[in-house]
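Colleague: Could you take me on a close look at one part of this model, starting at the very beginning of the chain? I'd like to know what sits at the surface there, and then what lies under cover elsewhere.

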Amino acid sequence: KIAEDGEILCKGPNVMKGYYKRDDLTKEVIDEDGWFHTGDIGVLEDGKYLKITDRKKEIFKTSGGKYIAPLPLESKFKESLFIEQIMVVGEGQKFAAALIYPSFDNLKNWCEKNGVSYSSNEEVIKDEKVLSQFDSELEIYNAEFGNWETIKKFELVSDEWTPESGLLTPTLKLKRKVIMEKYKDLVDNIYSN
């Protein structure tokens, strides 16, 4: 079943009875009614197909009390030719924002076609025309989400997000805490204005 907060719960002989000699951990994941709390967020489609949409620990709450699941947003925004990686931020803030690592190959082609000088990744992400193009991209993809979920502001970054850089796991998932620490000043800048 799906809990009120969207978490997927399961119960039955196929589910573990608990952690070996760890009653404390067992109580954290199996409730008094015997439901195992998976930590995944999902929905039942057509009443019979389970679709996992996010991890519960990645969902955050804005200062307005709205919950945001970043994974569906990030997946949608990465459909843009200009976005290689994106991380949605905004826990405890008034609105959602994003850190974006652009697809510099596509951005370089766009710059050539639009008369924008491209000397380096670090310089091009400061160009007003480039920032305006990213505003337009976000506007297109924001249209698919509720107003409280839309990305209101963003910062572009030039450092590549890879497992080698320490910003992605070996399975290419975002290391959210590491990214937040690395770009703390940029996130602070987003919310200070």
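Modeller: Sure, start with Ile-2, in the segment before strand 1 (7–10); strands are DSSP E runs of at least two residues, helices H or I runs of at least four, numbered from the N terminus. This is a predicted model, where local features need pLDDT of at least 70 and side-chain atom pairs 80 or more, while totals for chains, interfaces and linings use all residues. Numbering runs from 1 along each chain as its sequence is written, and side-chain values use heavy atoms, without hydrogens or water.

Ile-2 has a relative accessible area of 31%, so it's partly exposed (buried is under 20%, exposed over 50%, partly exposed in between, with a 1.4 Å probe and protein chains only). Together with Leu-44, Leu-50 and Ile-52, Ile-2 makes a nonpolar surface patch of about 360 Å² (residues over 30% accessible without a salt bridge, nonpolar side chains joined within 5 Å, like charges within 9 Å).

For the covered side, go to helix 5 (residues 128–142), which has 15 residues. Its buried residues include Val-130, Phe-134, Leu-138 and Tyr-141. Among the elements covering them are helix 2 (70–77), strand 6 (83–89), strand 7 (96–102) and helix 3 (104–113).

Tyr-183 sits in the loop between helix 6 (176–182) and helix 7 (184–192). Tyr-183 counts as buried because its relative accessibility is 5%. Beyond its neighbours within four places in sequence, Tyr-183 is in contact with Leu-99, Val-157, Asp-159, Trp-161 and Leu-167 (heavy atoms within 4.5 Å). Gly-64, 119 residues away in sequence, is 24 Å from Tyr-183, C-alpha to C-alpha.

Methods:
Accessible areas come from the Shrake-Rupley method with a 1.4 Å probe; for residues, only the protein chains shown count as cover. A salt bridge is a side-chain nitrogen of Lys or Arg within 4 Å of a carboxyl oxygen of Asp or Glu. The expected span of a helix is 1.5 Å times one less than its number of residues.
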